[in-house]
Protein chains: 2
Amino acid sequence: MKIDPKSKADLPAQIAKAIRDSIISGDMDVDARLPSETELSEQFDVSRSTVREALKRLAAQNLIRTQRGATGGAFVRRLSYQDAYANHITTSTLLLSMNAVDFETACEARFALERACAPLSAKRRTPDQLATMRAEIHRQGQPGLSDESFCDSDVAFHRALVDGAENPVLSYQLAGAVEAMQPLMNMITFTQRNRDMIVSLHSRIADAIETHAADQADAALAELTSYTLELGQQAMAARAAKAPE
Amino acid sequence: MKIDPKSKADLPAQIAKAIRDSIISGDMDVDARLPSETELSEQFDVSRSTVREALKRLAAQNLIRTQRGATGGAFVRRLSYQDAYANHITTSTLLLSMNAVDFETACEARFALERACAPLSAKRRTPDQLATMRAEIHRQGQPGLSDESFCDSDVAFHRALVDGAENPVLSYQLAGAVEAMQPLMNMITFTQRNRDMIVSLHSRIADAIETHAADQADAALAELTSYTLELGQQAMAARAAKAPE
DNA sequence: TATTTTCATTTGTCTGACATTTAATGTTTG
DNA sequence: CAAACATTAAATGTCAGACAAATGAAAATA
């Protein structure tokens, strides 16, 4: 573990960086134990509280976990896809809402990325993923389903489609785009006719995926893209008319 | 600001969550000032250090910034694309290295996503972005360029391509895939013949983007995909042969 | 009025203490 | 001898109080 230059600014950040670097560089294996807080405070020549703040930062990024007790301490944590997912999704959602990304932009991004997955998904999808897609389609057809549940199911459907590509990197990057759009989708009121249309497009996609027909999946996705865009624009227009300001 | 349930576990995490929720929900505007640490410690009925740990977590996620002095305090921060980018890239890189994602998977994801961008980029690219692409191509042709610089330039080229889609959501999601692959790309030794081939493919892409020819851009990207994959597999094979372990 | 000084407020850091958790160690007991 | 129980040591978690440093605003002064 390296020492710290006697710089002025933000001690905890410097210490966190030093530790993070030594984790990233591979000096420390997964589940390796860091020196205790007291030891670290001696090494870096700062107080224990300062070290603790640094460790808290790393914990917030899921880089370490801490454990109490005799054999406890801070341990290097394997960054799991699950943790990274969760983080990625909240950040993406926040980014969209705080920067007021419009519906069109988010929609375009989402479907462009999904269409990138579709050919791979048509090639590799497991029966399991196909079954999930079918189940969600069935759920979407249920009468009396709330708009929110419909959106949830929509996300689940598309997630299964993306996971069908069997590429965790793709799934990870796409999760951000798909899930972050949900708040925007939730603004839409889906009429029965809207839902029928979406369900039929979903069915066409599932059929295409089932028969490994990449081009048909792409065509259906293209239609779904423009249809969703249309619905979104109507919803945004209605919203704008209601609250003119 | 809500109070905390008297649960046992991890006070700072609970407090951080409470504050984060009230930021995300939109109760607090950007640049709004949170109560001082002392006030928060009274509201939540914990010590100041506990509040500080919670605030540090939020700061690590770029949700707040702190300022010293009379009118200082913790302020809600607008999550900028730049901050989110940086975070996204380091997380993606870490995820790939810690979970030993193989070259093929990363490569497939990257180019699948890029091909999703290409049609949009062909439609919208600015002269500026095109100029960047040309400049990087020129740089890649320079004799005596190190492999690392060549990779850097490669990333810059593809970044310009992606940015050409003029969709910040796409740029954001793609940055993770493109940049995270760089460590893997850096393992490749590029011969002169390799570079010539790549430069010529880059030129074809730039030409297609310039003339708004989406299909030609896609074709060139497809070729680049398989060529990169080939190079990567050779490099991995060579590496495996060298260190059989 | 313009400049300087003072001051109150807030975060940053340090110190020391005690609480809590946990595994290892020691001790007792059947 | 072995199992159950008690003790202990080490580590993180939390608290309280102090002082340092920064910083803007108010007050004093030229």
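This note covers the pairing of chains A and B and their contacts with DNA strands C and D.

1. Ground rules. This is a predicted model; local features need pLDDT of at least 70, side-chain atom pairs count only at pLDDT 80 or more, and totals for chains, interfaces and linings use all residues. Residues are numbered from 1 along each chain as its sequence is written, chains are lettered from A and ligands numbered from 1 in the order written, and side-chain values use heavy atoms, with hydrogens and water left out.

2. Symmetry. A turn of 180° and a shift of 0.0 Å along the axis lay chain B on chain A with an RMSD of 0.1 Å. The fit is by least squares on the C-alpha atoms of residues with pLDDT of at least 70 in both copies. This is the relation of a two-fold axis. Both copies use the same surface: 98% of the contact residues of chain B recur in chain A. Contact here means heavy atoms within 4.5 Å.

3. Size of the protein interface. 44 residues of chain B contact 44 residues of chain A. The buried area is about 4000 Å², and carbon and sulfur atoms give 66% of it. Buried area is the accessible area (1.4 Å probe) that two parts lose on being put together, summed over both.

4. Charge and polarity between the chains. There are six salt bridges between chain B and chain A. A salt bridge is a side-chain nitrogen of Lys or Arg within 4 Å of a carboxyl oxygen of Asp or Glu. Arg52(A) and Glu53(B) form one, at 3.0 Å from N to O. The interface also has 14 residue pairs in polar contact, both residues at pLDDT 80 or more. A polar contact is a pair of N or O atoms within 3.5 Å; within protein, one must be able to donate a hydrogen and the other to accept it, and residues adjacent in sequence count only if both atoms are side-chain atoms.

5. Strand D, overall. 23 residues surround DNA strand D, and Arg48(A), Arg52(A), Arg68(A), Thr50(B) and Ala70(B) come nearest. A residue is near a strand if one of its heavy atoms lies within 4 Å of it. Of the strand D atoms within 4 Å of the protein, 70% belong to sugar or phosphate and the rest to bases. α3(B) gives the most to this surface, with three residues. Helices (H or I, at least four residues) and strands (E, at least two) are DSSP runs, numbered from the N terminus.

6. Strand D, atom by atom. A polar side-chain atom of Arg48(A) is 2.9 Å from a base nitrogen of strand D. Thr66(A) places a side-chain N or O atom 3.1 Å from a phosphate oxygen of strand D. A polar backbone atom of Glu37(A) also lies 3.1 Å from a phosphate oxygen of that strand.

7. Strand C. Around DNA strand C there are 23 residues, with Thr50(A), Arg68(A), Ala70(A), Arg48(B) and Arg68(B) coming nearest. Sugar or phosphate accounts for 69% of the strand C atoms within 4 Å of the protein. A backbone N or O atom of Gly69(A) is 3.2 Å from a base oxygen of strand C. The side chain of Arg52(B) has an N or O atom 2.9 Å from a phosphate oxygen of strand C. α3(A) makes the largest contribution to the surface near strand C, three residues.
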